[in-house]
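Please walk through this structure with me, one element at a time. Keep the sequence and the 3D view side by side.

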Amino acid sequence: MIKSGEKTSTIELLGEDWVIKERFDLPVDTENRLLPFITSLQKTKNWGVLTSNPKRIEKLNLTNTLILISGKNGKTFAAEVGKVTDDALGNAMRIQGETYAIKTDFNADIEADPASWINPIQYSVKSEEIKSVTFKFTDGKSLFTRTAKGKKFNDQENPWLEDFVLNLSTLRIIDAQGKGSPSTEAAFKQSGSIIFELFDGSAITTSWAKESSPESKAPKCFVRVQHSDPKNKINQVNQKADFLCPGWLIEQIPISLSDLKKRLSPPTENVK
């Protein structure tokens with residue numbers, strides 16, 4: 001558990017997967033977040049007592065951040081983490097039960113926002129593995145197909161479509177919210193979807209929605225992902241929550257068939 005200010009992140013081992021409790025037991029970004037953090041803790045050296053003076057300890061801001069680790073054997077390690085020491089060696093710490101602060105060389109980024117621990121990648125495929133792209137809207141649909149790897153879609157040159165497929169071949173999200181929000185459900189009913197069919201026969205479907213709220217100036221942007229294989233982990237993860245995506249990303253998603261046609265058409269040059 002990591003607690004800093006008013007935010008708390010509880011990371012637990014659920015079966016074989018590390019999950020973030022405050023975000024619906026979604027998978028943690030183990031490679032880029034959890035392992036570097038644990039490694040930094042393991043390599044931290046105790047450079048001796050920094051101070052036992054209560055007034056000096058108060059200035060170290062030790063009560064704002066807490067790291068608590070519980071092992072399978074029931075043993076726990078807890079440390080309050082304070083400011084970086086004057087010599088810039090690392091953060092001051094106070095180990096559980098001690099009345100003094102110690103000097104350490106710990107300097108890892110301490111992030112207690114649960115959203116920052118979610119594995120942001122929903123899927124990642126090589127763009128050349130995508131055989132076809134289907135755009136489905138309330139006013140119609142459009143299909144673009146490659147006859148073979150390395151070929152252009154519909155055997156035509158279209159820079160916008162090629163860039164679009166490349167940009168969407170890896171999908172990253174920024175946060176998650178619980179299922180069942182009436183306003184979110186209503187937004188998805190009006191949304192379109194995009195289907196990537198791969199050369200291996202599998203398919204990935206993404207659905208996109210914008211949810212406007214009187215309380216917020218900017219709308220929330222959502223994406224749902226479904227894999228053609230019912231047992232794929234993508235489906236398991238997407239049953240737990242709805243995922244928020246960056247506003248700049250959803251702006252790249254056509255909202256209708258007519259919008260798609262405009263994006264596919266090359267800009268006309270003014271002729272004088």
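Strand 12 and strand 16 pair antiparallel, with six bridges between them. This is a predicted model. Strand 16 covers residues 193–198. To find the register, look at F135, which stands opposite I194 in strand 16.

Strand 12 has another partner, strand 13 (residues 140–145). This pairing is antiparallel too, and it runs over six bridges. Here S132 stands opposite T145 in strand 13. Two residues link strand 12 to strand 13, and the connection is a hairpin.

How many of the eight residues of strand 12 are buried? Six are, so strand 12 (residues 130–137) is largely enclosed by the rest of the structure. Buried here means a relative accessible area under 20%. In a regular strand, side chains alternate between the two faces of the sheet.

Follow the chain on from strand 13. The loop between strand 13 and helix 3 (159–168) holds N154. N154 is not a glycine, yet its phi is positive, at about 55°. Most residues other than glycine have a negative phi. N154 counts as partly exposed because its relative accessibility is 34%.

Next comes helix 4, residues 182–189. Its buried residues include T184, A187 and F188. Why do they lie on the same side of helix 4? They cover an arc of only 95° around the axis, and that places them together on one side. An α-helix has 3.6 residues a turn, so residues three or four places apart point the same way. P182 and K189 are exposed, and they sit on the face of helix 4 turned away from its buried side.

Now turn to the open sheet. Seven strands make it up, in the order 2-1-7-8-9-10-6, and the pairing is antiparallel. Strand 2 (7–9) and strand 6 (46–51) are the edge strands. Each has a single partner strand, so one side of each is left without a neighbour in the sheet. From one strand to the next, the twist averages 25°.

At one end of that order, strand 1 (residues 2–4) meets strand 2. Three bridges join them, and they run antiparallel. S4 stands opposite K7 in strand 2.

Further along the sheet, a loop lies between strand 8 (76–84) and strand 9 (91–95), and A88 is found in it. A88 is a residue other than glycine with a positive phi, near 65°. Is A88 buried or exposed? A88 is exposed, with 59% relative accessible area.

A hairpin closer to the start of the numbering pairs strand 3 (residues 11–14) with strand 4 (residues 17–20). The two run antiparallel and are joined by four bridges. L13 in this pair stands opposite W18 in strand 4. Two residues lie between the strands of this hairpin. One turn residue, G15, has a positive phi of about 70°.

Last, look at the surface. Which residues form a nonpolar patch there? I38, I69 and F77 do, and together they have about 210 Å² of accessible area. I38 belongs to helix 1, which spans residues 30–43. With a relative accessibility of 30%, I38 counts as partly exposed.

Methods. Residues are numbered from 1 along each chain as its sequence is written. This is a predicted model: local features need pLDDT of at least 70, side-chain atom pairs count only at pLDDT 80 or more; totals for chains, interfaces and linings use all residues. Side-chain values use heavy atoms; hydrogens and water are left out. Two strands pair if DSSP finds at least two bridges between them. Buried means under 20% relative accessible area, exposed over 50%, partly exposed in between (1.4 Å probe, protein chains only). Patches are made of residues with over 30% relative accessible area and no salt bridge: like charges are joined within 9 Å, nonpolar side chains (Val, Leu, Ile, Met, Phe, Trp, Tyr) within 5 Å. Accessible areas come from the Shrake-Rupley method with a 1.4 Å probe; for residues, only the protein chains shown count as cover. A salt bridge is a side-chain nitrogen of Lys or Arg within 4 Å of a carboxyl oxygen of Asp or Glu. Axes are lines fitted to C-alpha atoms, for helices over the stretch in contact, and angles run from 0 to 180 degrees between N-to-C directions. The arc is that of the directions from the helix axis to the C-beta atoms.
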